[in-house]
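Thanks for making the time this morning. I would like to walk you through a structure that is new to most of you, and I will go slowly, so please keep the view open while I talk.

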Amino acid sequence: MRETVEFRISEQKAQRFLKPRDGKPLGRSTRKLVLDTNDIRYALVGRIEHEFMKQGSSFFTYWDIRRTYTKKELDSAELFYLRMRSAFEPEGEQCGTQYDESVACPHCSVGARQLNELRLDPSSLPRGKDITRTIAYSEIIVSARLVEALRAHGITGTRFHPVLRKNGGGTLDAWCQLEVTSQPLGVAPATRFGVSPFDPDEQGEYRCPLGHVAGLDILSELSVRREDWDGADLCAAKQWLGYRSRNGGAFRPYPMLLVSQKLRRLLGELKAKGFELEVAHLV
Amino acid sequence: MKRSRTWLAWLAVGLLALSCAAPEALSSAGAWETDVSSDDGEALESCPPGSTRPPPRPPPRPGRGGRKRNREPFEPRERVFNAEPTPEQREAARRRTENAAIEQTLRDRYWRLKVEAERMYPDKVGLYEEHHFWPKYLGGPPDGPKYRVPAPYHQLITNAFRERHAYGQKPPSEARAKEIMMEVYSELPIPQLIGIPDP
């Protein structure tokens, strides 16, 4: 497994702390720096970020961990963490989807009940994707092509609901909302969560005290408890990620999805798009 | 002779003692009496019936707190407050000047970038779009403040945001979202916030 982290740093800060050959310019005034986690510069970025954090600021504005595996590693894995790479707006709530927040956790809002079908603006749906989500992150939709294939191959652990047009004006035939029906898998302690690779959120700002949300983002590979797995092809972890916007924004906590080797092969055959797979460990 | 002198001396002593005990009895006119018992020292005059009024006293000399009745019209006025600014007022004035200079720089930059944006996106020239101050994909509220900006310039702002945080990959922390907004708006200011009401 090779692990790289992409950082996006403003050109002004990059010129001050990095060499001109480090990274490449992205647009007008941002530099993109991709580093292997074994690279000495990765530790340097960490040290600079810690200095910025002491002043209540941050060195980089965006980070993203990517892991690549050998074919052997992929073939021998039992479960994979499905990391979604596509999103769109407006979210369901803006298009008439209703939620009952009274049953949700008062700390993290996990458990808010969707009261009606998911409603979306058809003009905003992405083209060429098979799995995507709204910028609320918890509203996941799957293309009709993929739904048909999943049903045909007897993929377990899923249920699909129709998606309606904005304000209830008919059904969107090309998309279905995904619901995971399998038993949720407990996250093993080996998994690390945090705000960024150098900020493990020691104060627990983004951690639910009742254990519903593990953190803002996942920093390591996902490890789940083997005894919780009922053999379903699509599962979700018990602990979620993200947070509910406190200012009336769209963000909601979202589940970490896991797929079996069988489903991974099917997705590969279909050349499904909109996601990446990482090896998940059963412990 | 010696006896008469002694008698006269005794008479003089008696008269002196009598005048000290009742001075009013020996006042020259016997008609005016002045009460100086008030605290402020201002004499309270009382005129007994049938007596003539003495000439009026001149007005009191102007002093500290007194009224200046006969002040010259061109005489400089008394300073009633300290006209020297306090250190805080001086600092505020310095900041106002600095802010005005920065605003002017940002206005110049806006007009330059607007022209540049129109060259880059000619299809959008003449169009206007609503820009969410806190973009929704960075966690901003849908009904948050919006500004009407020219569409080509809006495209530049959108690009700047997406360079700094890739669209829809993950929710940023609130602190990082604010950091991104600070960076973008210092580079691409919102026209209405730098004193350009009609961009």
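A:Leu267 has a relative accessibility of 4%, so this residue counts as buried, and I should say at once that what you are looking at is a predicted model. A:Leu267 sits in helix 5 of chain A, and if we set aside the neighbours within four places in sequence, A:Leu267 is in contact with A:Leu82, A:Leu146, A:Ala272 and A:Phe275. A:Asp130 lies 137 residues away from A:Leu267 in sequence, while the C-alpha atoms of the two are 9.5 Å apart in space.

One of those contacts, A:Leu146, takes us to a pair of helices. Helix 4 of chain A, residues 144–152, and helix 5 of chain A, residues 261–270, have axes that come within 11 Å and cross at roughly 135°, which means that helix 4 of chain A is oblique to helix 5 of chain A. The crossing of these two helices is right-handed. On the side of helix 4 of chain A the residues that meet the partner are A:Arg145, A:Leu146, A:Ala149 and A:Leu150, and on the side of helix 5 of chain A they are A:Leu263, A:Leu266, A:Leu267 and A:Leu270. Sorted by character, the residues of this contact comprise seven nonpolar, no polar and one charged.

Staying with chain A, let me turn to helix 2, residues 40–54. With 15 residues at 1.5 Å a residue, helix 2 of chain A should span 21 Å, and its end C-alpha atoms are 22 Å apart, so the two values agree. Which residues of helix 2 of chain A are buried? They are A:Tyr42, A:Val45, A:Gly46, A:Ile48, A:Glu49 and A:Phe52. These buried residues pack against strand 1 (2–10), helix 1 (11–17), strand 3 (30–36) and strand 4 (60–68) of chain A, and also against helix 4 (174–187) of chain B.

That last partner brings us to chain B, which has four helices and four strands, running α-β-β-α-β-β-α-α from the N terminus on. Of its 199 residues, 29% count as buried, and among the contacts in chain B with a separation of 6 or more, 60% come from residues 24 or more positions apart.

Helix 4 of chain B has 14 residues, which at 1.5 Å a residue should span 20 Å, and its end C-alpha atoms are 20 Å apart, so here too expectation and model agree. Because 10 of those 14 residues are buried, helix 4 of chain B is largely enclosed by the rest of the structure; among the buried ones are B:Arg176, B:Ile180, B:Met181, B:Val184 and B:Tyr185.

Several of these return when we look at how helix 4 of chain B meets helix 3 of chain B, residues 151–164, since the axes of the two come within 10 Å and cross at roughly 145°. Helix 3 of chain B contributes B:Ile157, B:Ala160, B:Phe161 and B:Arg164 to the contact, while helix 4 of chain B contributes B:Ile180, B:Met181, B:Glu183, B:Val184, B:Tyr185 and B:Glu187. That contact divides into seven nonpolar, no polar and three charged residues, and the crossing is right-handed.

Helix 3 of chain B has another partner in helix 2 of chain B, residues 87–120, with axes that come within 8 Å and cross at roughly 95°; these two helices are therefore roughly perpendicular to each other. Here B:Tyr110, B:Leu113, B:Lys114, B:Ala117, B:Glu118 and B:Met120 of helix 2 of chain B meet B:Pro152, B:Tyr153 and B:Leu156 of helix 3 of chain B, and the residues involved are seven nonpolar, no polar and two charged.

Finally, some details of the backbone in chain A. Most residues other than glycine have a negative phi, and most peptide bonds are trans. A:Tyr137, although not a glycine, has a positive phi of about 70°; A:Tyr137 lies in the loop between strand 10 (131–134) and strand 11 (140–143) of chain A, and is buried, with a relative accessible area of 1%. A:Asp201, likewise not a glycine, has a positive phi of about 60°, is found in the loop between strand 14 (193–194) and strand 15 (213–215) of chain A, and counts as buried at 5% relative accessibility. The peptide bond from A:Glu89 to A:Pro90 is cis, with omega near 5°, and A:Pro90 is placed in the loop between strand 6 (87–88) and strand 7 (99–100) of chain A.

Notes: Residues are numbered from 1 along each chain as its sequence is written. Chains are lettered from A and ligands numbered from 1 in the order in which they are written. This is a predicted model: local features need pLDDT of at least 70, side-chain atom pairs count only at pLDDT 80 or more; totals for chains, interfaces and linings use all residues. Side-chain values use heavy atoms; hydrogens and water are left out. Axes are lines fitted to C-alpha atoms, for helices over the stretch in contact, and angles run from 0 to 180 degrees between N-to-C directions. Angles under 35 degrees count as roughly parallel, over 145 as roughly antiparallel, 65 to 115 as roughly perpendicular and the rest as oblique. A crossing is left-handed if the near helix is turned anticlockwise from the far one by less than a right angle, and right-handed if clockwise. Contact means heavy atoms within 4.5 Å. Ala, Val, Leu, Ile, Met, Phe, Trp, Tyr, Cys and Pro count as nonpolar, Asp, Glu, Lys and Arg as charged, and the others, Gly among them, as polar. The expected span of a helix is 1.5 Å times one less than its number of residues. Buried means under 20% relative accessible area, exposed over 50%, partly exposed in between (1.4 Å probe, protein chains only).
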